[in-house]
Amino acid sequence: QNHYGGSEGDASLRRAVAEKIKKYNGIDIDVDAKPLELMITNGGTGALIGITQSYLRGKSALVFEPYYPYHRRILEEFGGKTESFALDQTLSFEKDALRSRCKELIGRAEYPLRAIIVCSPANPSGKVMTQTELEAVAEVAQELDLLVISDEVYEHYVTGEHQHTPIATLPGMWERTITVNSFSKSWNISGWRLGYAFGKGELITPINNAANVIYVCPATPLQAALSRVLMADGDYYPKLRDKFDSKRRFFSEGITSLGFDIYNSGSAFYIWARIPSDFSDALTFNEMLMEKAGVGMTPGSAFADTDDWDSHVRICIAREDSVLEGALEKLRSVLA
Ligand SMILES: Cc1ncc(COP(=O)(O)O)c(C=O)c1O
């Protein structure tokens, strides 16, 4: 277990992940299938790099803005381009607007559109796409023959009335969806660099070929360790969700009383909020907080090309309760 392994990942971890996908996503993966339907990757990032290398060189992918900055950086590093599609102030969108944005990009000579990146629940906003929105993406992707790259690394933090729906399960979407996931957050092991990608065999094989030459294989002893615990506790993910839901409630309540206007995302890893109305620029607001309270948030402008989100922040609540309590106390001392 300290030597090279297959680039597609450790056999027992692949089996455990297939079991997880079956249990939580209702998707049957044949781990023995050739071509390969599931591969372990060097984190979600490793999967996104393999996808970019395989499908997006000289092409572009659409992201919903506000977006996860690596969805841009990875593509640009590997010869692709990211284009954004602005969500409105309630973080919603219309199917027709999505269709026309895609049509605008698909026929151009340079970096024609090849894929839509769906990130639900989203980083930074936590937004969980509704069934109607997922269906809109599916319809546009099928109509324009686009791939969908579904980044689901926050799937286990969904708290609202809507369940997480993998877009790959929508009619006609298995053929064109590559799903990306990661253990970094849900197992608190971001330094282990373990994630996975799955989809139709013909879609996954090129990603595995790219992974093979980029990093040879994911870390073998760490995969073996994870394979033993991944499915051992049937309540692991519900407990994780409930723990984060209580952090979200606690922190949301605290900052709401300080004047933040919170977006009700339906998930609980990040809080996306308008800063108190006395302030309008989240960059200077954040600098002030860091200086006076020693508490940092990420300004909304980090996740957008437009200035639409300049007065918003993303707050990461993946910290011990005592740290969150302390942070709230410090914020109170400056803002109350
Ligand atoms: C939306 C999203 N996708 C993918 C990743 C990548 O995580 P990793 O490469 O550690 O698995 C992150 C990490 O922040 C993320 O927020």
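Here are five short exercises, with solutions, on the predicted model shown above.

**Exercise 1: The sheet**

Task: In what order do the seven strands of the open sheet sit, and which are the edge strands?

Solution:
- Start with a reminder: strands of a sheet pair through backbone hydrogen bonds, either parallel or antiparallel.
- Now walk across the sheet, and you'll read the order 1-7-6-5-4-2-3, with mixed pairing.
- Strand 1 (38–41) and strand 3 (81–86) each pair on one side only, and these are the edge strands.
- On average, neighbouring strands of this sheet are turned by 25 degrees against each other, direction ignored.
- Zoom in on one pair: strand 2 (residues 60–65) runs parallel to strand 3, with six bridges. Within that pair, Ala61 has Thr82 of strand 3 as its bridge partner.

**Exercise 2: Helices across the sheet**

Task: Which strands do helix 2 and helix 3 lie across?

Solution:
- Take helix 2 (residues 43–56): it lies across strands 1, 2, 4, 5, 6 and 7. Its angle to strand 6 (177–182) is about 155 degrees.
- Next comes helix 3 (residues 69–77), lying across strands 2, 3, 4 and 5. Helix 3 makes an angle of about 155 degrees with strand 3.

**Exercise 3: One residue in strand 4**

Task: Is Ala115 buried or exposed, and what does Ala115 touch?

Solution:
- First locate Ala115: it belongs to strand 4 (residues 113–119).
- Then check its relative accessibility, which is 0%, so Ala115 counts as buried. The cut-off for buried is under 20%.
- Leaving out residues up to four places away in sequence, Ala115 touches Leu56, Ser60, Ala61, Leu62, Leu146, Leu147 and Ile149.
- Look at Ser60 in particular: 55 residues separate Ser60 and Ala115 along the chain, but their C-alpha atoms are 6.9 Å apart.

**Exercise 4: The largest nonpolar core**

Task: How many residues does the largest nonpolar core have, and where does this core lie relative to the two domains?

Solution:
- Keep this in mind: in soluble globular proteins, nonpolar side chains tend to be buried together.
- The largest nonpolar core here has 29 residues, and Phe64, Phe93, Leu98, Cys102, Val118 and Val137 have the most contacts inside it.
- Strand 2, helix 4 (95–106), strand 4 and helix 5 (131–143) each give at least two residues to this core. Helix 5 provides the largest share, six residues.
- Domain 1 (11–229) and domain 2 (236–335) both contribute residues, so this core lies between them.
- Try Phe64 as an example: among the residues it touches are Phe85, Phe93, Leu98, Val118 and Val137.
- There's also a second, separate core of 28 residues, including Phe183, Trp187, Leu194 and Leu226.

**Exercise 5: Unusual backbone spots**

Task: Which peptide bonds before Pro66 and Pro121 are cis, and where are Leu91 and Arg193, which have positive phi values?

Solution:
- The background: most residues other than glycine have a negative phi, and most peptide bonds are trans.
- The bond from Glu65 to Pro66 is cis, with omega near 10 degrees. You'll find Pro66 in the loop between strand 2 and helix 3.
- Ser120 and Pro121 are joined by a cis bond too, with omega about -5 degrees. Pro121 sits in the loop between strand 4 and helix 5.
- Leu91 has a phi near 65 degrees and is in the loop between strand 3 and helix 4. With 0% relative accessibility, Leu91 counts as buried.
- Arg193 has a phi near 60 degrees and lies in the loop between strand 6 and strand 7. At 27% relative accessibility, Arg193 counts as partly exposed.

Key. Residues numbered from 1 in each chain as written. Predicted model: local features only at pLDDT ≥ 70, side-chain atom pairs only at ≥ 80, totals over all residues. Heavy atoms only, no water. Helix = DSSP H or I, 4+ residues; strand = E, 2+ residues; numbered from the N terminus. Buried < 20%, exposed > 50% of the residue type's maximum accessible area, 1.4 Å probe, protein only. Contact = heavy atoms within 4.5 Å. Pairing = 2+ DSSP bridges. Axes fitted to C-alpha atoms, helices over the stretch in contact; angles between N-to-C directions. Core = buried A, V, L, I, M, F, W, Y, C linked by side-chain atoms within 4.5 Å. Domains from an automatic or database assignment.
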